Amino acid sequence: MMGTDIEKLIEECVFTAVRSGGSGGQNVNKVASKVVLSFDVNASETLAENQKQLILEKLANRINKNGILQISSDSERTQWLNKKAVTGKFHHLIRQALKPERKRIATKPTFQSIQKRLDEKKRQSGKKRLRSGDFDI
């Protein structure tokens with residue numbers, strides 16, 4: 001996904017400022033510094049259908065039943081910095097969700113690991129044999 005597409009997606013987002021707990025001193029009870037980003041995945045004109053499905057699957061725990069992805073930030077003291085932070089989170093989440101999964105290539109166990117496993121099995125069986133009472137070694 002290219003940078004321009006992310007900019008188009010951000011234009012489709014709705015930003016809401018809310019009062020929040022957290023740092024801010026005396027301002028905390030009177031200034032709406034927390035920013036909530038809402039993005040309607042299904043209504044997006046920038047995303048293709050397969051991209052929408054990928055986002056809905058991979059970010060299912062962050063998307064409500066109406067198909068709206070909500071991300072919030074209240075870590076900064078100003079609304080502007082929180083908006084930057086929430087935009088960065090959104091960018092990261094979308095990029096992660098749309099990144100193609102690499103197929104795992106099965107590898108053979110190393111000779112060393114096979115030897116280690118067999119040695120451990122011998123040691124364990126020797127221990128059990130000694131406990132059984134059969135002393136035919």
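Author: Axes are lines fitted to C-alpha atoms, for helices over the stretch in contact, and angles run from 0 to 180 degrees between N-to-C directions. This is a predicted model, in which local features need pLDDT of at least 70, side-chain atom pairs count only at pLDDT 80 or more, and totals for chains, interfaces and linings use all residues. Residues are numbered from 1 along each chain as its sequence is written, and side-chain values use heavy atoms, leaving out hydrogens and water.

Reader: In what order do the elements of the protein chain run from the N terminus on?

Author: Helices (H or I, at least four residues) and strands (E, at least two) are DSSP runs, numbered from the N terminus. The protein chain has four helices and three strands. Their order is α-β-β-α-β-α-α.

Reader: At what angle do helix 2 and helix 3 pack?

Author: Helix 2 covers residues 49–58 and helix 3 residues 79–98, with axes 9 Å apart. Angles of 65 to 115 degrees count as roughly perpendicular, under 35 as roughly parallel, over 145 as roughly antiparallel and the rest as oblique. Helix 2 is therefore roughly perpendicular to helix 3; the angle is about 105°.

Reader: Which residues of helix 3 make the contact?

Author: Contact means heavy atoms within 4.5 Å. Helix 2 contributes Gln51, Leu54, Ile55 and Lys58. From helix 3 come Ile94, Gln96, Ala97 and Leu98.

Reader: Are Phe39 and Phe90 buried or exposed?

Author: Phe39 lies in strand 2 (residues 34–40) and Phe90 in helix 3, 51 residues apart. Buried means under 20% relative accessible area, exposed over 50% and partly exposed in between, with a 1.4 Å probe and protein chains only. Both Phe39 and Phe90 are buried.
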